[in-house]
Amino acid sequence: MPTQNEGLIEVKKAADRFDTSIDWLKSKHSFSFGEHSDPQNTHHGLLLVSNDDIVDANTGFQTHPHRDMEIVTWVLDGEVEHKDSQGNKGIIYPGLAQRMSAGRGIWHSEINPSKDKAVHLVQMWVHPDTESINPSYEQLDINAELAKGGLVPIASGQGHNAAISIRQKNAVLWGGRLKPGETVKMPDARFTHLYVALGAGQLEGAGELHQGDAVRLTAAGSPRFTADTLQGAEVLVWSMAA
C-alpha cells in the first residue's frame with residue numbers, strides 16, 4: 001500500500017538552510033549539523049550531511065576525527081589539501097571525486113593551500129552499510145566523463161564504472177555539468193536528493209531552482225531537470241534505496 005510520502009517533491013531554498021559564518025568559513029547546511037539542530041531535519045534517505053562550504057585562503061578544517069561514515073568531497077572552485085592518519089594525502093580539485101571511509105576511526109584535515117584564493121566545495125556524508133571497517137581513501141578524476149554531458153556516477157556502492165566506491169550498497173551520487181538548456185532525468189529511487197551546486201534550472205514538479213537550492217524527492221519517479229538556457233548548471237544527485 002502506498003505510504004503518505006510517496007510521490008513527494010519538497011523544495012528547500014538556499015536562503016532557508018542553516019548557516020555558519022565565522023572568520024575563515026562560510027557554510028550552508030542542508031540538515032542538522034553542529035550547533036544547528038532540528039529533529040525534523042536530520043537526513044533524507046541515507047544522506048545525513050550536505051554542506052556547501054567556502055573556505056578562505058590558507059585556512060581550513062584542522063585535524064579532527066570521524067567514525068563509521070562515508071564522506072564524499074566535491075570541489076567546485078579552488079583546491080583542498082587532504083591528509084589523514086592512514087598516511088593518505090591528496091589535492092582535491094574540480095572534477096576529482098574523493099571519498100574517505102572513516103570505518104572504525106580516522107583523523108584527517110582539509111586545508112585550503114592557496115595563499116590568496118578561497119575554495120568552494122560540497123561535502124556529503126552517508127552511513128556505511130557495514131560498521132567498523134578498515135578506514136580507507138579513494139580519489140578519481142572524472143572530468144572526461146563529465147564533459148560527455150548527462151549525469152555521471154561520482155560515488156557508488158553499486159559498482160558503477162568511472163565512480164569512486166562507497167561502502168553503502170543502497171546509495172549512488174551522480175553529478176552533471178549541464179550545458180545551457182541540457183535536460184536530464186532524475187534517477188528513479190525511493191529517495192533522491194537534487195542539489196544545484198552552480199547555475200540554475202527547472203525541475204518538473206518543483207519549478208525554478210537556483211544555486212544552493214535543493215529538492216528532496218520521495219518515490220517521485222524520474223522528473224526532468226533542465227539547465228538554465230544562459231548559465232547551465234552543475235548538479236549533485238543522490239539516489240538511495242533506503
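Let's start with aromatic pairs. This is a predicted model, and a search of the whole structure turns up two of them.

Take Trp-24 and Phe-61. Their rings meet edge-to-face, with 5.2 Å centre to centre and 80 degrees between the planes. Where do the two residues lie? Trp-24 is in the loop between β2 (18–21) and β3 (25–29), while Phe-61 is in strand β5 (residues 60–66). Those parts are 37 residues apart in sequence, so this pair ties them together. Is Trp-24 buried, or partly exposed? Its relative accessible area is 21%, and buried means under 20%, so Trp-24 counts as partly exposed. Phe-61 is also partly exposed, with a relative accessible area of 22%.

Now the other pair, Phe-33 and Trp-125. The ring centres are 5.7 Å apart and the planes stand at 75 degrees. The cut-off for edge-to-face is over 60 degrees, so this pair is edge-to-face. Phe-33 sits in the loop between β3 and β4 (47–55). Trp-125 belongs to strand β11 (residues 119–126). Here the pair ties together parts that are 92 residues apart in sequence. How exposed are the partners? Phe-33 is partly exposed, at a relative accessible area of 27%. Trp-125 is buried, at 13%.

One more ring before we move on. Which charged residue sits over Phe-191? That is Arg-190. Its charged end is 5.4 Å from the centre of the Phe-191 ring.

Next, the strands. Look at the open sheet of four strands. The order is β5-β10-β7-β8, and the pairing is antiparallel. Which strands are at the edges? β5 and β8 (89–92), and each of these pairs on one side only. From one strand to the next, the twist averages 20 degrees. We have met β5 already: that strand carries Phe-61.

Zoom in on β7 and β8. Strand β7 covers residues 80–84, and four antiparallel bridges pair it with β8. For a landmark, find Glu-81. Its bridge partner in β8 is Ile-91.

Now strand β6, residues 70–77. Seven of its eight residues are buried, so the rest of the structure largely encloses this strand. What does β6 pair with? One partner is strand β9 (residues 96–101), joined to β6 by four bridges and running antiparallel to it. Ile-71 is a good place to look: its bridge partner in β9 is Met-100. Another partner is β11, again antiparallel, over seven bridges. There, Asp-77 has His-120 as its bridge partner. And β11 is the strand that holds Trp-125, from the pair with Phe-33.

A side note on strands in general. The side chains of a regular strand alternate between the two faces of the sheet.

Just ahead of β11 we have a loop worth a look. Ser-114 lies in it, between β10 (106–111) and β11. What does the Ser-114 side chain reach? The backbone nitrogen of Asp-116, at 3.1 Å. Beyond residues up to four places away in sequence, Ser-114 touches Ala-57 and Asn-58.

On to backbone angles. Most residues other than glycine have a negative phi. Ser-132 is not a glycine, yet its phi is positive, about 60 degrees. You'll find Ser-132 in the loop between β11 and β12 (136–141). Ser-132 is partly exposed, at 40% relative accessibility.

Ala-219 is another case. Its phi is positive too, about 45 degrees, and it is not a glycine either. This residue is in the loop between β19 (214–218) and β20 (224–227). At 30% relative accessibility, Ala-219 counts as partly exposed.

Last stop, Val-196. It lies in strand β17 (residues 191–203). Buried or exposed? At 0% relative accessibility, Val-196 is buried. What surrounds it? Setting aside neighbours within four places in sequence, its contacts are Leu-209, His-210, Gln-211, Gly-212, Asp-213, Phe-225, Glu-234 and Val-235. Then there is Ala-233. From C-alpha to C-alpha, Val-196 and Ala-233 are 7.0 Å apart in space, with their positions 37 residues apart in sequence counted as separation.

To recap the opening: two aromatic pairs in the whole structure. Trp-24 with Phe-61 ties together parts 37 residues apart in sequence, and Phe-33 with Trp-125 does so for parts 92 residues apart.

Methods. Residues numbered from 1 in each chain as written. Predicted model: local features only at pLDDT ≥ 70, side-chain atom pairs only at ≥ 80, totals over all residues. Heavy atoms only, no water. Phe/Tyr/Trp six-rings, centres within 6.5 Å; stacked < 30°, edge-to-face > 60°. Helix = DSSP H or I, 4+ residues; strand = E, 2+ residues; numbered from the N terminus. Buried < 20%, exposed > 50% of the residue type's maximum accessible area, 1.4 Å probe, protein only. Lys NZ or Arg CZ within 6 Å of the ring centre and 35° of its normal. Polar contact = N/O pair within 3.5 Å; in protein donor to acceptor, adjacent residues only side chain to side chain. Contact = heavy atoms within 4.5 Å. Pairing = 2+ DSSP bridges. Axes fitted to C-alpha atoms, helices over the stretch in contact; angles between N-to-C directions.
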